[in-house]
Amino acid sequence: MYFNWIDHDTVDVAHYDTHLHWRRLPIKEHLLTTTALRVSGASEEPNTKPHLQTYDDVARSVEECYSVAPGRVWKSSIYLTPDTKSSDVIRAWEAGLITHVKRYPPHGSTHSDESVSDHVLLDQESPTGRLLRDMSERRIPYKSHGEVVEWNGEELDPFDREEVYFREVQPRIDETYPDLRQIHAHISTAQAADYMRQHGDPTKKIAEITGHHGMKDRRITFDGGAYIVDHHCLPPVKRLQHRDALRDLLAEKPAYLVAGSDAAAHTVESKYQCCAFGGFYTYHCSLELYLQLLAQRFFGSLLPKNPHRIRVQRKMWQVTDRIKSADGAHVFTPFGFHPNKERRHQFTWPTV
């Protein structure tokens, strides 16, 4: 895993995305087709209800990926719930179907009411604890959405949840499971960046940075006095100093950083309701955002010997409209779109 900095106007990129969210068919087919234009492969984290928990679940999901978009490397994940079994995790890992087991903060994201509490997670004798010990022995990575929703009986401010997690919870996980390989999903704060400087290790502890957390600060969420629900994501985009802290970390080119776009599709109907779902539609620009932010990155161990490459060219462009699924039944607001042309994001690397 490393960064290769680009100084050319046209380049062929081998790009593996470590964090993409699918939905069920037929929406999944639309998202896969869009994504395949800009990746050599990807690790999927399907937000379905129920989550993928068994070998059969992930085998079916990966088979769908290859049937819709052959010629890429598709992997999956298993979600950590009280019912996740070591036998399913180990079987899927040994079959090469999964890249990690994923945990959400309880009640902190889509369907995360199925997750396990911090108390259960840190109990080595609980079913979850025994699973994590099995994973440690077999070097199966554990991926965390690093936020704490409730602390000391109080619901935390969404902008503080990642800071509390890295201060209060993550050190206890490290102490309890010292040999566990870990992936820190979509870090978004200066505190997480500092943690990775101290503990990052390309063979044991890595972190993802999304294009949108590295590109924007939380002003993207506001339009004058209005709140832009299309820009609501989890973890939320933070203050400018946090964005700059992520950029400073990227500038150091550490081998423990990878690119996981966290593309998460929600229809306009899901966004424009009383309780808006969190997530950016970045399938159409995941690679382009990374190129604009920092140039090029690889997730080398998961690329085939001769990976599919995507040609990109340095050129200004904008998203000019919302996106419809192929059957026209679903409408999404893509990252970068705004009804006001003056407020649309200026991309600098389109695919050719």
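**Exercise 1. Locate P235 and describe the peptide bond that leads into it.**

Solution. P235 is situated in the loop that runs between β13 (226–227) and α9 (240–251). The model examined here is a predicted one. In this model the peptide bond from L234 to P235 is cis, and its omega is near -5°. A further cis bond joins L25 to P26, with omega near 5°. P26 belongs to the loop between β3 and α1 (27–36).

**Exercise 2. State which residues lie nearest the centre of the largest cavity, and describe its lining.**

Solution. Begin with the search of the whole structure, which finds four cavities of 30 Å³ or more. Next, take the largest cavity, which holds about 120 Å³ of space. Its lining consists of 19 residues; H21, L234, D262, A264 and G278 lie nearest the centre. L234 thus appears here as well as in the cis bond to P235. Finally, sort the lining by class: five residues are nonpolar, eleven are polar and three are charged.

**Exercise 3. Give the order of the strands in the open sheet of eight strands, and explain why β3 and β14 each have a side without a neighbour.**

Solution. The order across the open sheet is β3-β4-β5-β6-β7-β10-β11-β14, and the strands pair in parallel. At its edges stand β3 (16–20) and β14 (257–258); each has a single partner strand, and therefore one side of each is left without a neighbour in the sheet. For β3, the pairing is with β4 (residues 41–44), in the parallel sense and over three bridges. Within this pairing, L20 has E44 of β4 as its bridge partner.

**Exercise 4. Determine which strands helices α3 and α6 lie across.**

Solution. Consider α3 first: this helix, residues 86–94, lies across β5 (73–79) and β6 (98–103). Its direction is at about 150° to that of β6. Turn then to α6, residues 161–176, which lies across β7 (142–144), β10 (182–184) and β11 (205–208). Helix α6 runs at about 170° to β10. In the loop between β10 and α7 (190–199) one finds H186. The phi of H186 is near 35°, a positive value in a residue other than glycine.

**Exercise 5. Classify the ring pair W317 and F347, and explain why the pair ties together separate parts of the sequence.**

Solution. The structure contains eleven aromatic pairs. In the pair of W317 and F347, the ring centres are 4.3 Å apart and the planes stand at 20°, so the pair is stacked. As to position, W317 is in the loop between β16 (310–313) and β17 (323–324), while F347 is in the segment after β18 (331–332); the pair therefore ties together parts that are 30 residues apart in sequence.

Key: Residues numbered from 1 in each chain as written. Predicted model: local features only at pLDDT ≥ 70, side-chain atom pairs only at ≥ 80, totals over all residues. Heavy atoms only, no water. Pairing = 2+ DSSP bridges. Helix = DSSP H or I, 4+ residues; strand = E, 2+ residues; numbered from the N terminus. Contact = heavy atoms within 4.5 Å. Axes fitted to C-alpha atoms, helices over the stretch in contact; angles between N-to-C directions. 1 Å grid on protein atoms, 1.4 Å probe; cavity = no way out; pocket = protein on both sides within 12 Å on 5 of 7 lines; lining within 4 Å. Points joined across faces, edges and corners; volume = space filled by probe spheres on them. Nonpolar A, V, L, I, M, F, W, Y, C, P; charged D, E, K, R; others polar. Phe/Tyr/Trp six-rings, centres within 6.5 Å; stacked < 30°, edge-to-face > 60°.
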